[in-house]
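Here's a quick tour of one structure, written for someone who likes to poke at contacts and cores. Have the viewer open as you read.

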Amino acid sequence: MSGIQEKMTTALASKDQGNEAFKNGDIKKALTQYHLAVLGLSGLDNQMSGMPMMSAMQPQTGVATDDQKNVIKTNLAVVYSNMGACHLKNGNYKRAIEVCDTALKHDPTNVKAKFRRAQAKLAEGNLAGAEADLNALGEKVPGVKAELEKLKKKSKDAEDKQRKTMGGFLSRGRIISNTDPDHEDAAESATSAPTTTTSTTSSTPAVKTTPKSKPTLASKNSANSNKKPPKIVREEEYQTSSWSGTAPKIQELADGEE
């Protein structure tokens, strides 16, 4: 038996031990054995590609036949795919996707690797990616139809949740606008505005009944300093009047300006 064949036998034995451990539910041991299988098969794959060996413990011996090369690549894909199954069991979906990607690089036709990658994407919430993988496999592949049903349900649940969330936002927005303190204050101000005007209007006669002296008019003129005082307020115009003073007449004209 050639050196390459011996190494292949050892690596495939590790793969078989990993499969047995997986069936028994010992995921940790299964991953350990799959790693050993990957190390052995990758070393042979690198040797056939003319790349440096992964370890000095694996010297180059012999030349692999085409059949051996195909077996090595195919089994590398299988082992990586099986590692994906382990990571799915552990809920490590990101790592499951990574090892399935590696499996498909070695063998793009590996159905289980693509199926497990779709499962991991679906579990991770990547619905579009999962759908692409499942549609590429087709419903004739066992398990694909069931996964597509799960995907449809998840997609519907996500849409319903988004619809409810948006509805809640809109509802809360309406409640806030109806109970906005500023809105109530504005309404209250608008309601109370006529009362203030009525009160001011009703108080006007009371001001007229009480004659005011000249300083009141002066204060008005002070507030409007840019305006020239009316000619009627000049005292000399009333010198020949029968009135005893100018204040009442001036006040009457001042009130008329309002």
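## Around L148

Setting aside neighbours within four places in sequence, L148 makes contact with L134, N135 and E139. Keep in mind as you look that this is a predicted model. L148 sits in helix α7, which spans residues 144–178, and it is buried, with a relative accessible area of 9%. That value falls under the 20% cut-off for calling a residue buried.

There's also a pairing to check with E131: L148 and E131 are 17 residues apart in sequence, and their C-alpha atoms are 7.2 Å apart in space.

## Helix α6, face by face

One of the contacts of L148, L134, belongs to the buried set of helix α6 (residues 127–137), along with G129, A130, D133 and L137. Looking down the axis of α6, those buried residues fall within an arc of 130°, so they line one face of the helix.

What does the face of α6 turned away from the buried side carry? That face has the exposed residues A128 and A136. Right after α6 comes G138, with a positive phi near 90°.

## The largest nonpolar core

Now for the largest nonpolar core, which has 24 residues. The members touching the most other members are Y34, L41, I72, V79, Y80, M83 and C86. Four helices each supply at least two residues of this core: α1 (3–23), α2 (27–48), α3 (66–89) and α4 (93–106). Which of them gives the most? That's α2, with 8 residues.

L41 is a handy place to zoom in. Leaving out residues up to four places away in sequence, L41 touches A11, I72, N75, L76 and V79. Apart from this core lies another one, made of 10 residues, and A118, L122, A130 and L137 are among them. Two of those names, A130 and L137, also turn up in the list of buried residues of α6.

## Cysteines

If you're setting up bonds, here's the cysteine story. C86 is buried at a relative accessible area of 0%, and C100 also counts as buried, at 0% relative accessibility. How many disulfides does a search of the whole structure find? The search comes back with 0 disulfides.

## The annotated repeat

The unreviewed UniProt entry annotates residues 77–110 as "repeat: TPR". In the model, that span is 79% helix and 0% strand. The C-alpha atoms at the two ends of residues 77–110 lie 7 Å apart.

Note on methods
Residues numbered from 1 in each chain as written. Predicted model: local features only at pLDDT ≥ 70, side-chain atom pairs only at ≥ 80, totals over all residues. Heavy atoms only, no water. UniProt positions renumbered as here; feature names shortened; annotations may be inferred. Buried < 20%, exposed > 50% of the residue type's maximum accessible area, 1.4 Å probe, protein only. Arc of directions from axis to C-beta. Disulfide = S-S within 2.5 Å. Core = buried A, V, L, I, M, F, W, Y, C linked by side-chain atoms within 4.5 Å. Contact = heavy atoms within 4.5 Å.
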